[in-house]
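Here is a short report on a structure with a bound ligand. It takes up the aromatic rings, then the ligand site.

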Amino acid sequence: MSNESIPSLLLNSGVQIPQLGFGVFQVPPKQTRDVVSTALDVGYRHIDTAQMYRNERGVGEALADSGLDRDEFFVTSKLNNAFHAHDDALAAFDRTLEELQLEHVDLFLIHWPLPAVDKYVEAWGALEEIYRSGHARAIGVSNFEPHHLRRLMDETTVVPAVNQVEVHPWLGNEDVRAVDAEHGIVTEAWSPLGRGRVLEDPTIARIAANLGKTPAQVVLRWHIERGDVIFPKSVTPARIKENVQLFDFELSDADMADISALDRGERVGSHPDTMNNTGR
Ligand code: NAD
């Protein structure tokens, strides 16, 4: 597997993001170094972590072990919910760089809008400062509904480069994707496999059998052809490898339509309007 076959998308900051990456949510801190090393070995060059995952250190260790030059990989982290106040956000970002052992991240996100806390505009001010300092090559948001995005764009200067939201065949999230596209914001689809639950779907099984591919490869290829960025998670080496082998086949228009028709508005995670857990 050569990473040259993974396409990149252009972010509004002028930075290229590999369309396929590796997610480390729920990868135990002690296992992260090995798991991320496996992912780098099989060709992933984009890692999606977060302060909340408590495994940035292992990600940084694996990147250091890899011997890759800094411009050969792309790393995203996200601001923990407890730190939306301006000074807290800056201090938390510094800890992220320390944990990752890096001078800069490629992308830094507000993890959740937390409407009950109502400080995401203040947090964005801190991210704008980080962006201008060069310590993040792009900044963005996660779990922002259209009304959160509109308020942010009305009250601040920098348009988010990405919006990372839940998307998979059972949750197309088309309203959010449309608003992102309208503003040149790249949609990143989190839980692209619906945490594995969508893989049992008979439509996906049928398409996979016809193509001689696995259900996971079919679902991930559907995201790629829709144009979203994805970073499936696994700790199993064979699956980590399987999930990067997406670039030697295509889905027909009929297959794409059949998978899109599975949308039933079903989430595997929290709704951004009601998620207000600051971990405090
Ligand atoms: P996912 O949709 O990637 O599913 C992962 C699960 O699917 C695995 O634990 C495993 O059970 C199964 N799986 C993976 N590969 C498989 C294969 N080839 N065959 C069969 N089963 C397979 O779920 P996720 O980890 O929730 O999401 C991916 C990434 O998205 C996370 O690691 C994280 O980086 C990001 N994320 C972000 C947010 C956010 O709020 N911004 C929330 C959740 C996840």
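The structure, a predicted model, holds 5 aromatic pairs (rings of Phe, Tyr and Trp, the last by its six-membered ring, with centres within 6.5 Å). Phe-25 and Tyr-53 form one that is tilted, at 5.1 Å centre to centre and 40° between the planes; planes under 30 degrees apart would be stacked, over 60 edge-to-face. Phe-25 lies in the loop between strand S3 (22-23) and helix H1 (29-41), and Tyr-53 in the loop between strand S4 (46-48) and helix H2 (56-66), so the pair ties together parts that are 28 residues apart in sequence.

Now the ligand. It is surrounded by 26 residues (a heavy atom within 4 Å). The closest are Asp-48, Ser-142, Ser-191, Leu-193 and Arg-195. By class, this shell has 11 nonpolar, 9 polar and 6 charged residues; Gly counts as polar.

The table lists polar contacts of the ligand (N or O atoms within 3.5 Å).

| Ligand atom | Protein partner | Distance |
|---|---|---|
| oxygen | Pro-192, polar backbone atom | 3.3 Å |
| oxygen | Leu-193, polar backbone atom | 2.8 Å |
| nitrogen | Glu-242, N or O atom in the side chain | 3.0 Å |

Taken alone the ligand exposes 840 Å², and the protein buries 89% of that (Shrake-Rupley method, 1.4 Å probe).

Residues are numbered from 1 along each chain as its sequence is written. In this predicted model, local features need pLDDT of at least 70, side-chain atom pairs count only at pLDDT 80 or more, totals for chains, interfaces and linings use all residues, and side-chain values use heavy atoms, without hydrogens and water.

Notes
Polar contact = N/O pair within 3.5 Å; in protein donor to acceptor, adjacent residues only side chain to side chain. Helix = DSSP H or I, 4+ residues; strand = E, 2+ residues; numbered from the N terminus.
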